[in-house]
Every structure is written in structure tokens, then in C-alpha cells.
Amino acid sequence: MDANFRLRRGADFRRVYSAQRRRDGRLMVVHAAASDLDHPRIGFSVSSKVGGSVRRNLVRRRLREAARPLIQASREGVDLVVVARPEASSASFAELDAELRELTGSLIS
């Protein structure tokens with residue numbers, strides 16, 4: 001995923017969290033905030049509650065790959081933060097992909 005589509009700074013994550021616009025699922029929570037850009041950006045938060053470093057990085061890679069088509073197809077300026085829940089560590093890619101599509105459906109078009 002191109003660096004222009006990723007959230008990296010802590011200030012950006014805090015701004016998205018403070019917008020208090022979120023959708024909850026079984027495997028993840030998606031926070032959203034409007035931005036002035038003409039494209040969406042996404043960031044991922046996978047805590048140690050999900051598992052060790054190998055498991056966290058696997059979940060992060062799967063989420064990033066699931067988000068790729070959603071982000072590239074959208075032209076709406078919105079910032080998203082996806083927070084993985086511990087249940088995401090045992091979920092398949094198909095489950096993560098389906099839930100991410102469901103949760104972001106109303107947030108990006």
C-alpha cells in the first residue's frame with residue numbers, strides 16, 4: 001500500500017480517536033474522521049493482547065491486504081484506524097476481509 005494512504009503519526013491517530021465515530025465488530029473496531037485530502041488514509045493498531053510479535057504482524061499484514069482494494073477504490077477524504085481485537089488472532093483472512101468490508105461500508109464509498 002502506498003505511503004500516501006497510511007496513517008503514521010500519533011497525532012493523526014489521536015485526531016481520529018477523538019472524532020468519536022466508530023463501528024464495532026467481533027474481530028475489530030474501525031474509527032473514522034473526515035480529512036481534507038481527496039483520498040482515504042488508514043492506520044492499524046494491533047496490541048499485545050492479540051498475541052506475540054509474529055501473530056500481531058500476521059494480523060496487521062492480513063488487515064492491510066484486506067484494506068488495499070477498499071482504499072484504492074475510494075476517492076473520499078476520510079481517515080480510518082482499525083483496532084484489532086484479540087479474537088482477530090485466530091480468524092482467517094476471509095473472516096477479517098468480510099468484517100472489514102462490513103464495518104467500512106458506510107464510512108467510505
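Is Arg 41 buried or exposed? In this predicted model, Arg 41 turns out to be buried, with a relative accessible area of 16%. That value falls under the 20% cut-off, so the residue belongs in the buried class. Arg 41 also makes a handy way into the rest of the chain, as the salt bridges below show.

To set the scene, here is the overall layout. The secondary structure of the chain comes to three helices and four strands. Read from the N terminus, these elements follow the order α-β-β-β-α-β-α. The C-alpha trace spans about 35 × 25 × 25 Å along its principal axes. For 109 residues, a compact globule would be expected to have a radius of gyration near 13 Å, and the chain agrees with a value of 13 Å. Of those 109 residues, 43% count as buried. Now for the contacts: taking those between residues at least 6 apart in sequence, 81% join residues at least 24 apart. As for the outside, the accessible surface comes to about 5800 Å², and carbon and sulfur atoms account for 47% of that.

Charges come next. The chain carries 21 positive and 13 negative charges, and the mean positions of these two sets are 6 Å apart. The structure holds eight salt bridges. One of them joins Arg 41 to Asp 12, with the closest N and O atoms 3.8 Å apart. This pair links distant parts of the chain, since Arg 41 sits in strand β3 (residues 41-45) and Asp 12 in helix α1 (residues 10-18), 29 residues apart. Asp 12 is buried too, at 11% relative accessibility.

Arg 41 has another partner as well. Asp 79 forms a salt bridge with Arg 41, and here the closest N and O atoms are 2.9 Å apart. Asp 79 lies in strand β4 (residues 78-84) while Arg 41 lies in strand β3, so this bridge ties together parts that are 38 residues apart in sequence. With a relative accessible area of 0%, Asp 79 is buried. Zooming out a little, Arg 41, Asp 12 and Asp 79 belong to a network of salt bridges that also takes in Arg 9 and Arg 15.

Another salt bridge stays within a single helix. Asp 97 pairs with Arg 101, the closest N and O atoms being 3.3 Å apart. Both residues lie in helix α3 (residues 93-104), four residues apart, or about one turn of the helix. How covered are the two ends of this bridge? Asp 97 is buried, with a relative accessible area of 16%, whereas Arg 101 counts as partly exposed at 40%.

Some uncharged spots deserve a look too. Val 59 is found in helix α2 (residues 53-73) and is buried, with a relative accessible area of just 2%. Leaving out neighbours within four places in sequence, Val 59 is in contact with Val 46, Val 50, Ala 84, Ala 88 and Ser 89. The C-alpha atom of Val 59 is separated by 8.6 Å from that of Phe 93, a residue 34 places away along the chain.

His 31 gives a similar kind of view from strand β2 (residues 28-34). This histidine is buried, with a relative accessible area of 10%. Not counting residues up to four places away in sequence, His 31 touches Val 16, Tyr 17, Arg 21, Arg 22, Asp 79, Leu 80, Val 81 and Val 83. Asp 79 therefore turns up twice in this account: as a residue touched by His 31 and as a buried salt-bridge partner of Arg 41.

Finally, there is a backbone oddity to point out. Most residues other than glycine have a negative phi. Gln 20 goes the other way, with a positive phi of about 55 degrees although it is not a glycine. Is Gln 20 buried or exposed? Gln 20 is exposed, because its relative accessible area of 72% is over the 50% cut-off.

Notes. Residues numbered from 1 in each chain as written. Predicted model: local features only at pLDDT ≥ 70, side-chain atom pairs only at ≥ 80, totals over all residues. Heavy atoms only, no water. Salt bridge = Lys/Arg side-chain N within 4 Å of Asp/Glu carboxyl O. Helix = DSSP H or I, 4+ residues; strand = E, 2+ residues; numbered from the N terminus. Buried < 20%, exposed > 50% of the residue type's maximum accessible area, 1.4 Å probe, protein only. Rg over C-alpha atoms; globule rule 2.2 N^0.38 Å. Contact = heavy atoms within 4.5 Å. Areas by Shrake-Rupley, 256 points an atom, 1.4 Å probe, with all protein chains shown as cover. Lys, Arg positive; Asp, Glu negative; His and termini not counted. Charge placed at Lys NZ, Arg CZ, Asp CG, Glu CD.
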